[in-house]
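Please walk me through this structure in the viewer, telling me what to select at each step and what is to be found there.

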Amino acid sequence: MKISNLSAQSGLSIDTLRFYEKIGLIDPPPRDGAGHRDYPPEALNWIRFLSQLNATGMKQADRIRYARLRAAGESTVPQRRQMLEEHREVIRAQLEQLTDVLALMDRKVEIYQNLEEEMTDV
């Protein structure tokens, strides 16, 4: 898969993909006869996973550490599992906080809806 296709399918810019390659988040792909990057199909799944980790707030340094562990092979499975378990707890705490904030917003919206109804009843 050419870098332009990977960019289109992943939603990441070509510059971002090259940067990810440079910092070790994605493996440098093999090159075709013309010297162009030719990513394997599984690169898209890996990039999607990295994007999900990013969306949950995992720091770039931790994503790089995870990528390095992954590249090191099966012997790092326990460390990768531990990293994901720890990050899962961070996500749970974020969800609790967001649930509380959502409840507050629901109450505030209801207050304003009631005020608007009172204004139209007059």
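Select Lys2 to begin, in a model that is predicted: leaving aside residues up to four places away in sequence, Lys2 touches Asp32, Arg37, Asp38 and Tyr39. Lys2 lies in the segment before helix H1, which covers residues 3-10, and it is partly exposed, because its relative accessible area of 31% falls between the 20% limit for buried and the 50% limit for exposed. If you add Leu53 to the selection, 51 residues away from Lys2 along the chain, the two C-alpha atoms are separated by 24 Å.

Move on to H1 itself and show the side chains of Ile3, Leu6, Ser7 and Ser10, which are buried. These residues cover an arc of only 100° around the axis, so they sit on the same side of H1. To see what covers them, display the surroundings of H1, which include helix H2 (14-23) and helix H3 (42-55). Just after H1, select Gly11, whose phi is positive at about 85°.

Finally, select helix H4 (residues 60-72) together with helix H5 (residues 77-121), whose axes come within 9 Å and cross at roughly 155°. Since that angle is over 145°, H4 is roughly antiparallel to H5. The crossing in which H4 passes H5 is left-handed. For the contact, show Asp62, Arg65, Tyr66, Leu69 and Arg70 on the H4 side, which meet Gln79, Arg80, Met83 and Leu84 of H5; colouring this contact by class gives 4 nonpolar, 1 polar and 4 charged residues.

How values were computed. Residues are numbered from 1 along each chain as its sequence is written. This is a predicted model: local features need pLDDT of at least 70, side-chain atom pairs count only at pLDDT 80 or more; totals for chains, interfaces and linings use all residues. Side-chain values use heavy atoms; hydrogens and water are left out. Axes are lines fitted to C-alpha atoms, for helices over the stretch in contact, and angles run from 0 to 180 degrees between N-to-C directions. Helices (H or I, at least four residues) and strands (E, at least two) are DSSP runs, numbered from the N terminus. Angles under 35 degrees count as roughly parallel, over 145 as roughly antiparallel, 65 to 115 as roughly perpendicular and the rest as oblique. A crossing is left-handed if the near helix is turned anticlockwise from the far one by less than a right angle, and right-handed if clockwise. Contact means heavy atoms within 4.5 Å. Ala, Val, Leu, Ile, Met, Phe, Trp, Tyr, Cys and Pro count as nonpolar, Asp, Glu, Lys and Arg as charged, and the others, Gly among them, as polar. Buried means under 20% relative accessible area, exposed over 50%, partly exposed in between (1.4 Å probe, protein chains only). The arc is that of the directions from the helix axis to the C-beta atoms.
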